[in-house]
Amino acid sequence: RLGLAAIAEGAGDAHINGCGAVILPAVPYVDSMRVGADLTFSGTPPFWAAVAAAARNLAARRESIRWGVLADPDQPVLRGYTPDEGRAALAMAALSGGAFGYGDDLTALTEAQSAVYREAWFTRLRDGLTGPAAPLDQGVGSRFALSPILDGALNRFRSTSARPPSVWRATLSSGEAWAVLFNWGDEEATITVPPGVLGPRSEELVARSTVTAMANGGAAVVVPPHAVRALRTMP
């Protein structure tokens, strides 16, 4: 804490980003806190567990965000991911509400890959979010690995990783309410949105999936493995 105080004093108006920092002692001295993984340098191929880790980190740092510390998603990448995984990585970075950049060498992407960055649902979410999204569930399972690197290593020997929240509520500057759903598992799953998040009618924007209205006022969507779906209330 004393070291951070000295750095903050010496840095003046510079933006200080806490990466892997202990949250509570760092809060008075940092401007943002890393929630994403370091995937933008050569030699480290992207892996799915890093997206899940970003979701867990964002959920864990909700209090520090309320105290004025921004969430830093790092630079999301599409290289090395399947299209579904890449969309999920972009969505999670956007949901942080932090500064958004691109970790890919855009000239090295295929046209299909670079087109994902321009998909209407994603640009609408990225540009319209009014602040970090809020997790609406506790995820599935109770095991939490210490880091995305450890998660990646453990996944070589098991099929189920620690599960972060799957359902997130996002509010856009247009006033639209969105529910963003992640399937962290390796099998197709039906993910439900609790009542009160969306209106009586909603549409899915990523793949135009069928939305099932539930009797309790919630909604349900079938989500492929390692994928994301985004629902919004229809006018």
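The side chains of arginine 34 and aspartate 72 meet in a salt bridge, with N and O 2.7 Å apart; a salt bridge here is a side-chain nitrogen of Lys or Arg within 4 Å of a carboxyl oxygen of Asp or Glu. Arginine 34 belongs to strand S2 (residues 32-34) and aspartate 72 to strand S3, so the pair ties together parts that are 38 residues apart in sequence. Helices (H or I, at least four residues) and strands (E, at least two) are DSSP runs, numbered from the N terminus. Arginine 34 counts as buried, at 13% relative accessibility, and aspartate 72 is buried too, with a relative accessible area of 15%. Buried means under 20% relative accessible area, exposed over 50%, and partly exposed in between, with a 1.4 Å probe and protein chains only.

The model is predicted: local features need pLDDT of at least 70 and side-chain atom pairs count only at pLDDT 80 or more, while totals for chains, interfaces and linings use all residues. Residues are numbered from 1 along each chain as its sequence is written, and side-chain values use heavy atoms, with hydrogens and water left out.

Strands S2 and S3 belong to an open sheet of 3 strands, in the order S1-S2-S3 with parallel pairing. Two strands pair if DSSP finds at least two bridges between them. Strand S1 (17-18) and S3 are the edge strands, each pairing on one side only. S1 and S2 run parallel and are joined by 2 bridges, and glycine 18 stands opposite methionine 33 in S2. After strand S3 (70-72), the loop that leads to H5 holds valine 77. Valine 77 is buried, with a relative accessible area of 2%. From valine 77 to glycine 101 the C-alpha to C-alpha distance is 9.5 Å, with their positions 24 residues apart in sequence.

Helix H5 has a salt bridge of its own, between the side chains of arginine 87 and aspartate 84 (4.0 Å, N to O). These two residues are 3 apart in helix H5, and therefore separated by about one helical turn. Arginine 87 counts as buried at 18% relative accessibility, whereas aspartate 84, at 25%, counts as partly exposed.

The chain also has an open sheet of 5 strands, ordered S4-S5-S6-S11-S8 and paired antiparallel. Its edge strands are strand S4 (134-135) and strand S8 (202-204), each of which pairs on one side only. S8 and S11 pair in the antiparallel sense over 3 bridges, and glutamate 204 stands opposite leucine 231 in S11. Helix H3 packs on this sheet, touching S4, S5, S6 and S11, and its direction makes about 65 degrees with that of S5. Such angles run from 0 to 180 degrees between N-to-C directions, the axes being lines fitted to C-alpha atoms, for helices over the stretch in contact.

Strand S11 also takes part in a salt bridge. Arginine 232 forms one with glutamate 176, the closest N and O atoms being 2.7 Å apart. Arginine 232 lies in S11 and glutamate 176 in the loop between S5 and S6, so this pair ties together parts that are 56 residues apart in sequence. Arginine 232 is buried, with a relative accessible area of 12%, and glutamate 176 counts as buried at 15%. Both residues are part of a network of salt bridges that links Arg124, Glu176, Glu203, Arg208 and Arg232. The count of salt bridges comes to 10.

In soluble globular proteins, nonpolar side chains tend to be buried together. A nonpolar core is a set of buried Ala, Val, Leu, Ile, Met, Phe, Trp, Tyr and Cys residues joined through side-chain atoms within 4.5 Å. The largest such core here has 40 residues, of which Met92, Leu95, Trp121, Leu125 and Phe182 touch the most other members. The elements that give it two or more residues are helices H3 (48-60), H5 (83-95), H6 (111-117) and H7 (120-128), and strands S5 (167-171), S6 (177-183) and S11 (227-233). Apart from this core lies another, of 12 residues, including Val167, Val197, Ala219 and Leu231. Leaving aside residues up to four places away in sequence, phenylalanine 182 touches Ala88, Ala91, Met92, Leu95, Ser166, Trp168, Ile191, Ala227 and Val228; contact means heavy atoms within 4.5 Å.

Over the whole chain there are 8 helices and 11 strands. Buried residues make up 46% of its 235 residues.
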